[in-house]
Amino acid sequence: MSEVTSISVIVNTYNWPEALRLSLQSLASQTERCFEIIVADDGSRPDTADVIEAFAGSAPVPVKHVWHEDVGFRRSTILNKAIVEARGRYLIFIDGDCILQPDFVAQHRALAEPNHVVTGSRILLGRELSKELLAEGKWNYQAFRQKTLSHRLTGEISKIMPLFMRLTWRRLRDYRSFVWRRIKGCNLACWKIDALAVGGFDETFTGWGSEDIDFVFRLHDKGVIRRSGSWATEVLHIWHKPADPSRAAANMKIVRDRIEAARHRNKAAHTPYSA
């Protein structure tokens, strides 16, 4: 049994209310209802606040909007503000361009365990399918699932098996060492106490890229075990143009340098002292 008693789902967004509307609707249809929603808004225009206010009026769970002024890409900063505001002991991070399966929160609850961070994966939706869903503006999981084979045949969905199968084992999901692969901030979960212990997301990162990998690595460096959420917690990622990659290489270098420094530190700690 999971030891999670309260959950905060933190939804990161920026100026895409149409996508956020679908993401919030998918949260409203969760089989698990013991959670709150915190929208971590990196400075969106008022139309995003309108979507959140309208949703909150009839939402089956508490909804909070955390916003700061738009002075550039400050995803780490707004996520940290949301972490502080969270009332849940357990935090699930998603992006506002992701639609969730009905058992998403329940599956994360099942995988949660003290001293663990869960990194989930995503199913990519194609441009045309994404355009259709956004234009309709209403999320219907059963209707979507009935058409997944045709969407797969037309290349409008990257994979379908995780929509029909669940692998529920826990221990075999744990990584024995830190690896870069499959760390996505759009599907990530950890304990609030662990997030605060490492200082949250590093706000010195500028621009898009690697802040999620850095966060998971710093948790790992403190002894938190990474657990895979694949085949249990996949999110549906709405198509959009790629983010500005201008800072990606510099941000990745920060993480690589930290990993190398930790490797040398750990090696020195295990080296016998000699006079």
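In strand E9, Ile 225 is the bridge partner of His 116. His 116 belongs to strand E6, which spans residues 116-119. The model is predicted, and this briefing covers strand pairing, two covered strands, one helix and a surface patch.

**Strand E6 and its partners**

- E6 pairs with strand E9 (residues 225-228) in the parallel sense, over four bridges.
- E6 also pairs with E8, here in the antiparallel sense and over two bridges.
- In the pairing with E8, Thr 119 stands opposite Leu 188.
- Both faces of E6 are covered. His 116 and Val 118 are buried on one side, and Val 117 and Thr 119 are buried on the other.

**Strands E1 and E2**

- Strand E1 (residues 7-13) and E2 run parallel and are joined by seven bridges.
- Thr 13 stands opposite Asp 41, a residue of E2.
- E2 covers residues 35-41, and seven of its seven residues are buried.
- In a regular strand, side chains alternate between the two faces of the sheet.
- In E2, one side holds the buried residues Phe 35, Ile 37, Val 39 and Asp 41. The other side holds Glu 36, Ile 38 and Ala 40, which are also buried. Both faces of E2 are therefore covered.

**Helix H5**

- Helix H5 runs over residues 127-136, and its buried residues are Leu 129, Ser 130 and Leu 133.
- These three residues lie on the same side of H5, because they cover an arc of only 100° around the axis.
- The elements that cover the buried residues of H5 include helix H1 (17-28) and strand E5 (98-100). Helix H6 (141-146) and helix H7 (148-153) are also among them.
- Gly 137, just after H5, takes a positive phi of about 75°.

**A nonpolar patch on the surface**

- Met 161, Phe 164, Met 165 and Trp 231 form a nonpolar patch on the surface.
- Together, the residues of this patch have about 370 Å² of accessible area.
- One of them, Phe 164, is found in the loop between H7 and strand E8 (187-191).
- Phe 164 has a relative accessible area of 42%, so Phe 164 counts as partly exposed. The limits for that class are 20% and 50%, with buried residues under the lower value and exposed residues over the upper one.

Terms used
Residues are numbered from 1 along each chain as its sequence is written. This is a predicted model: local features need pLDDT of at least 70, side-chain atom pairs count only at pLDDT 80 or more; totals for chains, interfaces and linings use all residues. Side-chain values use heavy atoms; hydrogens and water are left out. Buried means under 20% relative accessible area, exposed over 50%, partly exposed in between (1.4 Å probe, protein chains only). The arc is that of the directions from the helix axis to the C-beta atoms. Contact means heavy atoms within 4.5 Å. Patches are made of residues with over 30% relative accessible area and no salt bridge: like charges are joined within 9 Å, nonpolar side chains (Val, Leu, Ile, Met, Phe, Trp, Tyr) within 5 Å. Accessible areas come from the Shrake-Rupley method with a 1.4 Å probe; for residues, only the protein chains shown count as cover. A salt bridge is a side-chain nitrogen of Lys or Arg within 4 Å of a carboxyl oxygen of Asp or Glu. Two strands pair if DSSP finds at least two bridges between them.
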